[in-house]
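Visitor: I am new to this structure and would like to be led through it one question at a time. Could you show it to me before we begin?

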Amino acid sequence: MTDQATVLIVDDEKHTRDGLRLSLEDDFDCYVASNAAEAMEYLNNDRIDVMLTDLRLGEDDGMKLLDAALALPNPPVCIMMTAYGSVDTAVEAMRRGAYHFVTKPLNLDEVELLIKRALRSRTLEHENVALKQQVERKFSIEGILGQAEVMKPILDTIQQVAPSRATVLIEGESGTGKELVARAIHNLSGRPKAGIVSVHCAALSPQILESELFGHEKGAFTGAQERRIGRFEQANGGTLFLDEIGEIDASTQVKLLRALGEQTIERVGSSKPISINVRVIAATNRDLAKMVEEGKFREDLYWRLRVVTLKLPPLRSRKSDISILADHFLRELAKANGKSYKPLGEDALPAMMNYDWPGNIRELRAAIEHGVVMSNSNRVMLKHLPSYLLNPHGLGIGLRAPSLLAAKDGTTAATAPGAGTASGVESGAKPKSDLDITEAEHQLILTALQRSGNNRTVAAEMLGMSRRTLQRKLKDLNMVRTHRRRVGTADQPSDS
C-alpha cells in the first residue's frame, strides 16, 4: 500500500486524462475514469483523496457526480475543470461543495499546486476533527459534554455520587440537560441493567400521577378495571427519575416522602405495603427552597430529596462549550437526517456565541438540526441557521440584559446605585417608547460601560456579547461621544 495521496481524474477526453496522469503520477497515486460510472466505481471501492473532474462528461453530468461524491461517508476533495464559458457553473459547483475549479486549457503547475493545497486543507480539517473528538472524550461523561470551568465540578460530582444510593436533586433551567445527567448517574451507578424509569410529573393530574407512581388495585377508582403496577415497582432494583418534582400536589408529596424514607409503597386502593429498592433522582426548574418558604412544598420532602444537589448552569454561562456541543449535534443530526457531516461555517459560530440561548442546550440542538436540514453547501453557514441568530440577542432576549449586568454587591445594573444616572433612565422606568428597542439597547450598553469602569472587554462580557460586537454597536449607534459626555471623561473606552 502506498503512502501517496490518491487522485482520481475524470474526463471524457483521453488526451486530457492521460496528460494529467503523466504530469501528476510522480507525486500522487493516480486513477483515471472516462465517465461518471467508472468514477463511482473507484470512489466506492478505493480511498480517493482528491477528485479532479470535468463539468461536462459526454452524456454524464459532472455536477451530479460532484453531488454523489460529496454524499459519500468519506468524500474526496473535489476540484472542477471547466471551459472559460462555464465559470458561472463552476462557481455553482463550489457553492455545492467543490473545493475549487480550474479553467481549460489547463496550467499543469497550477493544477498540481491546487491539489497540494487542497490536501493540506483536508489534513488540517481531519486534525481539527480528531482534536475535537479527543476533547469530547476528555470532557465528557456518559454523553455529557463540557470543558467550561462551571462544568468540571458537576462532572466530578456525578462520578462521586453515582455508585452510592443517595437521592439526588438536579436543579436548572429548562433545556439544560437534567434528564441526561440523571441517566449518566444511573449508568455509572452499578445498577444499569435494572433500568431507569422516568416520570414527567408536570404532565399528569394529581390522581393519575399517584396511580402512575404507586400503581392501583382493580376497582380503586372509576375506570380502574384491572390492577396496575406503578413506576416505583417498575424501577425496583434500578432508578426512578422524577422530572419537574416541584409540580406534585400535597397528598402525593406525603406518599413520596414515605416511599423515600421507608422504601415501601402502597398501591391506590390497597393498604398492603410493598417493599422496594429504588434509587430516586429528581429534577426541577423551580426554586424548591422558595416553594418551601411559601408553604407550597413540604420541607421534610425537600431535605429528603436534596441529599446531593446538582445545579446545572444555563448555556449562556458556559459558552466555551458551544463549539463542542454544536459539532456533536452536527454529527448526530446529520446521521439522523441521512446527510453527510458538514462543519460550521466561519460566520456561524460567532453568531452562536453572541446569542443568549434562553432554551439552553435543547434550543441549540434544534438550531443545529435546522442548519443540517437547510444547508445546501459543504458547510453549515449562518444563513442556514434560524433567522433569529442574525440578531446577537435573538428574539428580544437581549432586553433581559439588565438582569445580567450584575454588580459586585449582588445588585443589578438596572437597580445599582448610579445606574439611573449612567443610563439616563431612573430605576424601574421604561424607555420613552415600549417599542424603542434601539434606545433600550443604547441605555444597556451605556450602563455596562459605566459599571465596568469604561472597559469594553468587561462590558461586552456583562452584556453577553463579543468585544467586537460591542465595538460595532458603539460605532453604529454613534455612542462613543455620547458616552464621554455622560460619564464625564474625554478618554476612549479602555481596550484592556
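## A walk through the predicted model

Visitor: Let us start with an opening in the protein: what volume does the second largest pocket have?
Guide: Please keep in mind that this is a predicted model. In it, the space counted for the second largest pocket comes to about 550 Å³.

Visitor: Which residues lie nearest the centre of the second largest pocket?
Guide: The lining of this pocket is made up of 26 residues. Strand E9 (144-145), helix H7 (178-187), strand E12 (239-243), helix H13 (322-336) and H15 are the elements that each give two or more residues to that lining. Those that lie nearest the centre are Gly175, Thr176, Gly177, Lys178 and Leu180.

Visitor: How many residues of each class, nonpolar, polar and charged, are in the lining of the second largest pocket?
Guide: The lining of the second largest pocket draws on each of these classes. Sorted in this way, the lining holds 11 nonpolar, seven polar and eight charged residues.

Visitor: Turning to enclosed space, which residues line the largest cavity?
Guide: A search of the whole structure for cavities of 30 Å³ or more finds one, and the largest cavity holds about 40 Å³ of space. By class, its lining has four nonpolar, one polar and two charged residues. The residues that line it are Leu330, Ala334, Lys339, Ser340, Lys342, Val372 and Val380.

Visitor: Which helix gives the largest share of the largest nonpolar core?
Guide: This core has 30 residues, and Phe232, Leu240, Leu242, Ile245 and Phe297 are the ones that touch the most other members. Several elements each supply at least two residues of the core, including strand E11 (196-200), helix H8 (206-214), E12 and helix H10 (250-262). The largest share is four residues, and it comes from H10.

Visitor: Which residues does Leu240 contact, once its neighbours within four places in sequence are left aside?
Guide: Leu240 is one of the core members that touch the most other members. With its neighbours within four places in sequence set aside, its contacts are Val197, Val199, Leu213, Arg231, Phe232, Ala235, Val278, Arg279, Val280 and Ile281.

Visitor: How many residues are in the second, separate core?
Guide: The second core is separate, and Leu145, Leu344, Met352 and Val380 are among its members. Val380 is also one of the residues that line the largest cavity. In the second core the number of residues is 25.

Visitor: Is Val168 buried or exposed?
Guide: Val168 is found in strand E10 (residues 168-171), and its contacts beyond four places in sequence include Val161, Ile185, Ala282 and Leu310. Val308 is another residue that Val168 contacts, and the C-alpha atoms of the two are separated by 4.8 Å although they are 140 residues apart along the chain. Because its relative accessibility is 0%, and a residue under 20% counts as buried, Val168 is buried.

Visitor: Why do the buried residues of helix H6 lie on the same side of H6?
Guide: In helix H6 (residues 152-161), the buried residues are Ile154, Leu155, Ile158 and Val161. An α-helix has 3.6 residues a turn, so residues three or four places apart point the same way. The face turned away from the buried side of H6 carries the exposed residues Asp156 and Gln160. The buried residues are on the same side because they cover an arc around the axis of only 140°.

Visitor: Is Glu233 buried or exposed?
Guide: Glu233 lies in helix H9 (residues 231-234) and touches Phe214, Ile265, Arg267 and Ile274, not counting residues up to four places away in sequence. Its relative accessible area is 19%, and because the limit for the buried class is under 20%, Glu233 counts as buried.

Visitor: And is Arg468 buried or exposed?
Guide: Arg468 belongs to helix H20 (residues 467-476), and its C-alpha atom is separated by 9.1 Å from that of Thr457, 11 residues apart along the chain. Because its relative accessibility is 70%, and over 50% is the range for exposed residues, Arg468 counts as exposed.

Visitor: To finish with the whole chain, what percentage of its residues count as buried?
Guide: The chain has 21 helices and 16 strands. Among its contacts between residues at least 6 apart in sequence, 67% join residues at least 24 apart. Of its 496 residues, the share that counts as buried is 47%.

Terms used. Residues numbered from 1 in each chain as written. Predicted model: local features only at pLDDT ≥ 70, side-chain atom pairs only at ≥ 80, totals over all residues. Heavy atoms only, no water. 1 Å grid on protein atoms, 1.4 Å probe; cavity = no way out; pocket = protein on both sides within 12 Å on 5 of 7 lines; lining within 4 Å. Points joined across faces, edges and corners; volume = space filled by probe spheres on them. Nonpolar A, V, L, I, M, F, W, Y, C, P; charged D, E, K, R; others polar. Core = buried A, V, L, I, M, F, W, Y, C linked by side-chain atoms within 4.5 Å. Buried < 20%, exposed > 50% of the residue type's maximum accessible area, 1.4 Å probe, protein only. Contact = heavy atoms within 4.5 Å. Arc of directions from axis to C-beta.
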